[in-house]
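User: Hi! I'm new to reading protein models, could you walk me through this one?

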Amino acid sequence: PINGAIEGLKALQEDFDVRFCTALMKAAPEHVPSKMAWMKRYFPDIPYFTAPSELKMEVKGDIGIDDRYDTCMRWEAVGTKSFLFRQSWNEAPDGAPRYDWSNLVEAIRYGG
């Protein structure tokens, strides 16, 4: 896991009902079982489910966190507050807020 993820998610679980929605990998479906095993290993108490990337905006929740800017914008378009997790591939416009575990929990708790 990314440094701070385990602690950050535990902190969020104190105030929120946390769930994972992970994208199915169309180009490499053989990796889905290892992805599920990884989540069970590191985050055994967080429920998870899968959805195609292009349908993540259909996932209902109050808050969404993703490392893809387009996913965050699709959530925002349907009323889900989103937080873009900082990664080199974000492809977000300059100035778009990006978060990592050093500032994400506080941003969520206090409204971003």
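Analyst: Happy to help; we'll look at strands and then at salt bridges.

Analyst: This is a predicted model, so some limits apply: local features need pLDDT of at least 70 and side-chain atom pairs count only at pLDDT 80 or more, while totals for chains, interfaces and linings use all residues. Residues are numbered from 1 along each chain as its sequence is written, and side-chain values use heavy atoms, with hydrogens and water left out.

User: Cool. Which strand does β3 join, and how many bridges are there?

Analyst: Strand β4, residues 81-84, is joined to β3 by 4 bridges, and the two run parallel. Strands are DSSP runs of E with at least two residues, helices are runs of H or I with at least four, and both are numbered from the N terminus. Two strands pair if DSSP finds at least two bridges between them.

User: What stands opposite F83?

Analyst: I65 does, facing F83 of β4. In β3 (residues 63-66), I65 and I63 make up the uncovered face, whereas G64 and D66 are on the covered one.

User: And which helix goes with β3 and β4?

Analyst: Helix α3, residues 69-77, which forms a right-handed β-α-β unit with them. Right-handed here means that, with the strands pointing away from the viewer, the path from the first strand over the helix to the second runs clockwise.

User: New topic: how many salt bridges are in the whole structure?

Analyst: The search finds 6. A salt bridge is a side-chain nitrogen of Lys or Arg within 4 Å of a carboxyl oxygen of Asp or Glu.

User: Why do such side chains pair up?

Analyst: Side chains of opposite charge can pair when their charged atoms come close.

User: Which partner does R109 have, and how far apart are the closest N and O atoms?

Analyst: R109 bridges to D15, with those atoms 2.7 Å apart. This pair links distant parts of the chain: R109 sits in helix α4 (residues 104-109) and D15 in the loop between α1 (5-13) and β1 (20-24), 94 residues apart.

User: Where do R74 and D70 lie?

Analyst: Both are in helix α3, 4 residues apart, or about one turn of the helix. Their side chains form a salt bridge at 3.3 Å, N to O. R74 is partly exposed at 24% relative accessibility, and D70 is partly exposed at 32%. Partly exposed lies between buried (under 20% relative accessible area) and exposed (over 50%), using a 1.4 Å probe and protein chains only.

User: What about D17, buried or exposed?

Analyst: D17 is exposed, at 62% relative accessibility. Its salt-bridge partner is R19, with the closest N and O atoms 3.3 Å apart.
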